[in-house]
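The exercises below ask you to work through one structure, step by step, with a solution after each task. Please look at the sequence and the model before reading on.

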Amino acid sequence: MKGSSVNGNSRKSTSINTHMGNIRIDSEVIAQYAGSVAVECFGIVGMAGVNVKDGLVRLLKMDSITRGIKVLIENNKLRLDFHVIVAYGVSIVAVSENLISNVKYKVEEFTGMEIETINIFVEGVRVID
(Lines give C-alpha, C1' and ligand atoms only; values in the text may rest on other atoms or scores of the structure.)
Protein backbone atom coordinates (compact mmCIF):
# COMPACT_ATOMS: atom_id res chain seq x y z
CA MET A 1 0.00 0.00 0.00
CA LYS A 2 1.45 3.34 -1.03
CA GLY A 3 0.09 5.52 1.78
CA SER A 4 -2.98 7.06 3.27
CA SER A 5 -3.82 9.84 5.64
CA VAL A 6 -6.75 11.17 7.63
CA ASN A 7 -5.85 14.70 6.60
CA GLY A 8 -5.88 14.78 2.85
CA ASN A 9 -4.37 11.91 0.85
CA SER A 10 -6.64 10.05 -1.54
CA ARG A 11 -6.77 6.73 0.34
CA LYS A 12 -8.15 6.81 3.86
CA SER A 13 -7.91 3.15 4.82
CA THR A 14 -5.62 0.19 4.90
CA SER A 15 -6.28 -3.39 3.96
CA ILE A 16 -4.84 -6.32 5.85
CA ASN A 17 -4.91 -9.72 4.18
CA THR A 18 -5.60 -12.70 6.43
CA HIS A 19 -6.17 -16.39 5.71
CA MET A 20 -9.92 -15.75 6.09
CA GLY A 21 -10.12 -12.66 3.86
CA ASN A 22 -9.37 -8.94 3.93
CA ILE A 23 -9.75 -6.50 6.80
CA ARG A 24 -10.12 -2.83 5.87
CA ILE A 25 -9.49 -0.25 8.59
CA ASP A 26 -10.38 3.38 7.91
CA SER A 27 -7.77 5.91 9.04
CA GLU A 28 -10.51 7.86 10.82
CA VAL A 29 -11.15 4.83 13.05
CA ILE A 30 -7.45 4.64 13.94
CA ALA A 31 -7.38 8.37 14.68
CA GLN A 32 -10.49 8.15 16.88
CA TYR A 33 -9.07 5.26 18.88
CA ALA A 34 -5.61 6.85 19.19
CA GLY A 35 -7.22 10.11 20.33
CA SER A 36 -9.29 8.41 23.00
CA VAL A 37 -6.16 6.65 24.29
CA ALA A 38 -4.21 9.92 24.26
CA VAL A 39 -6.72 11.95 26.26
CA GLU A 40 -6.69 9.27 28.97
CA CYS A 41 -2.95 9.86 29.52
CA PHE A 42 -1.86 11.84 32.56
CA GLY A 43 -0.98 15.43 31.70
CA ILE A 44 -2.86 15.58 28.40
CA VAL A 45 -5.66 18.15 28.53
CA GLY A 46 -6.84 17.31 25.02
CA MET A 47 -6.18 17.48 21.31
CA ALA A 48 -5.41 20.82 19.72
CA GLY A 49 -6.95 22.28 16.61
CA VAL A 50 -4.63 24.71 14.87
CA ASN A 51 -6.02 27.34 12.55
CA VAL A 52 -3.21 27.83 10.04
CA LYS A 53 -4.69 31.07 8.71
CA ASP A 54 -4.87 32.80 12.09
CA GLY A 55 -2.26 30.78 13.96
CA LEU A 56 -4.80 30.20 16.73
CA VAL A 57 -4.84 27.02 18.79
CA ARG A 58 -8.00 25.72 20.42
CA LEU A 59 -8.89 22.75 22.56
CA LEU A 60 -10.96 20.28 20.55
CA LYS A 61 -14.07 18.69 22.01
CA MET A 62 -14.19 14.90 22.30
CA ASP A 63 -16.38 14.54 19.21
CA SER A 64 -13.76 16.24 17.03
CA ILE A 65 -10.46 15.00 18.52
CA THR A 66 -9.50 13.34 15.23
CA ARG A 67 -8.75 16.79 13.80
CA GLY A 68 -5.80 16.95 16.20
CA ILE A 69 -4.37 13.67 14.90
CA LYS A 70 -2.85 12.84 11.55
CA VAL A 71 -2.66 9.18 10.53
CA LEU A 72 -0.35 8.15 7.71
CA ILE A 73 -0.17 4.54 6.54
CA GLU A 74 2.79 3.42 4.47
CA ASN A 75 3.74 -0.19 3.76
CA ASN A 76 1.26 -1.37 6.42
CA LYS A 77 3.01 0.71 9.10
CA LEU A 78 1.48 3.65 10.92
CA ARG A 79 2.79 7.14 11.53
CA LEU A 80 0.77 9.20 13.99
CA ASP A 81 1.09 12.94 14.56
CA PHE A 82 -0.57 14.30 17.71
CA HIS A 83 -1.27 17.99 18.28
CA VAL A 84 -1.87 18.22 22.01
CA ILE A 85 -2.46 20.64 24.85
CA VAL A 86 -0.73 19.66 28.07
CA ALA A 87 -1.50 20.51 31.68
CA TYR A 88 0.42 23.35 33.28
CA GLY A 89 3.18 22.20 35.64
CA VAL A 90 3.76 18.71 34.25
CA SER A 91 6.96 17.47 32.64
CA ILE A 92 6.36 17.60 28.88
CA VAL A 93 8.99 14.89 28.36
CA ALA A 94 7.33 12.56 30.90
CA VAL A 95 3.86 13.19 29.48
CA SER A 96 5.13 12.62 25.92
CA GLU A 97 6.87 9.37 26.84
CA ASN A 98 3.71 8.15 28.59
CA LEU A 99 1.56 9.09 25.60
CA ILE A 100 3.91 7.35 23.16
CA SER A 101 4.06 4.21 25.28
CA ASN A 102 0.30 3.93 25.80
CA VAL A 103 -0.66 4.79 22.23
CA LYS A 104 1.94 2.46 20.71
CA TYR A 105 0.84 -0.51 22.79
CA LYS A 106 -2.92 0.01 22.52
CA VAL A 107 -3.10 1.04 18.85
CA GLU A 108 -0.85 -1.83 17.75
CA GLU A 109 -3.04 -4.27 19.69
CA PHE A 110 -6.20 -2.67 18.27
CA THR A 111 -5.13 -2.62 14.62
CA GLY A 112 -2.58 -5.42 14.39
CA MET A 113 -0.32 -2.95 12.60
CA GLU A 114 3.12 -1.72 13.64
CA ILE A 115 3.58 1.91 14.58
CA GLU A 116 6.71 3.22 12.96
CA THR A 117 6.63 6.79 14.30
CA ILE A 118 4.68 8.88 16.80
CA ASN A 119 5.27 12.62 16.62
CA ILE A 120 3.95 14.91 19.34
CA PHE A 121 3.42 18.62 18.77
CA VAL A 122 2.69 20.49 21.99
CA GLU A 123 0.49 23.36 20.83
CA GLY A 124 -0.38 24.82 24.21
CA VAL A 125 -0.46 24.61 27.99
CA ARG A 126 -3.59 24.90 30.11
CA VAL A 127 -4.24 25.16 33.81
CA ILE A 128 -6.68 22.45 34.79
CA ASP A 129 -9.00 22.61 37.79
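**Exercise 1: a lysine and its partner**

Lys77 has a relative accessibility of 30% and therefore counts as partly exposed, in a model that is predicted. Task: find which residue forms a salt bridge with Lys77, and say where the two partners lie.

Solution. Begin with the side chain of Lys77, which forms a salt bridge with Glu114, the closest N and O atoms being 4.0 Å apart. Next, place the partners: Lys77 belongs to strand β7 (residues 77-87) and Glu114 to strand β8, so this pair ties together parts that are 37 residues apart in sequence. Finally, consider the cover of the partner: Glu114 has a relative accessibility of 41%, and because exposed requires over 50% and buried under 20%, Glu114 counts as partly exposed.

**Exercise 2: the other salt bridges**

Task: state how many salt bridges the structure holds, and describe the one between Glu40 and Lys106 as well as the one between Lys104 and Glu108.

Solution. The structure holds 4 salt bridges. In one of them the side chains of Glu40 and Lys106 meet, at 4.0 Å from N to O. Glu40 is in the loop between α1 and β4 while Lys106 is in helix α2, so the pair ties together parts that are 66 residues apart in sequence. As for their cover, Glu40 is exposed, with a relative accessible area of 59%, whereas Lys106 is partly exposed at 31%.

The bridge between Lys104 and Glu108 has its closest N and O atoms 2.7 Å apart. These two residues are 4 residues apart in helix α2, and are therefore separated by about one helical turn. Lys104 is partly exposed, with a relative accessible area of 34%, and Glu108 also counts as partly exposed, at 22% relative accessibility.

**Exercise 3: aromatic rings**

Task: count the aromatic pairs, and work out how the rings of Tyr33 and Phe110 are arranged.

Solution. The count comes to 1 aromatic pair. It is formed by Tyr33 and Phe110, whose ring centres are 4.0 Å apart and whose planes are at 10° to each other; since planes under 30 degrees apart count as stacked, the pair is stacked. The pair links distant parts of the chain, as Tyr33 is in helix α1 (residues 27-39) and Phe110 in helix α2 (residues 92-111), 77 residues apart. Both rings belong to partly exposed residues, with relative accessible areas of 26% for Tyr33 and 42% for Phe110.

**Exercise 4: pocket and patch**

Task: say which strand gives the most to the lining of the largest pocket, and which residues make the nonpolar surface patch.

Solution. Start with the pocket, which has a volume of about 200 Å³. Its lining includes Ala48, Val50, Leu56, Arg67 and His83. Strands β4 (44-51) and β5 (56-59) each supply at least two residues of this lining, and β4 gives the most, with 4 residues.

Then turn to the surface, where Tyr88, Ile92, Val122, Val125 and Val127 make a nonpolar patch of about 500 Å². One of these residues, Val122, lies in strand β8 (residues 114-126). Val122 counts as partly exposed, at 33% relative accessibility, and because patches are made of residues with over 30% relative accessible area, that value of 33% passes the cut-off.

How values were computed: Residues numbered from 1 in each chain as written. Predicted model: local features only at pLDDT ≥ 70, side-chain atom pairs only at ≥ 80, totals over all residues. Heavy atoms only, no water. Patch = residues over 30% accessible without salt bridge, like charges linked within 9 Å, V, L, I, M, F, W, Y side chains within 5 Å. Areas by Shrake-Rupley, 256 points an atom, 1.4 Å probe, with all protein chains shown as cover. Buried < 20%, exposed > 50% of the residue type's maximum accessible area, 1.4 Å probe, protein only. Phe/Tyr/Trp six-rings, centres within 6.5 Å; stacked < 30°, edge-to-face > 60°. 1 Å grid on protein atoms, 1.4 Å probe; cavity = no way out; pocket = protein on both sides within 12 Å on 5 of 7 lines; lining within 4 Å. Points joined across faces, edges and corners; volume = space filled by probe spheres on them.
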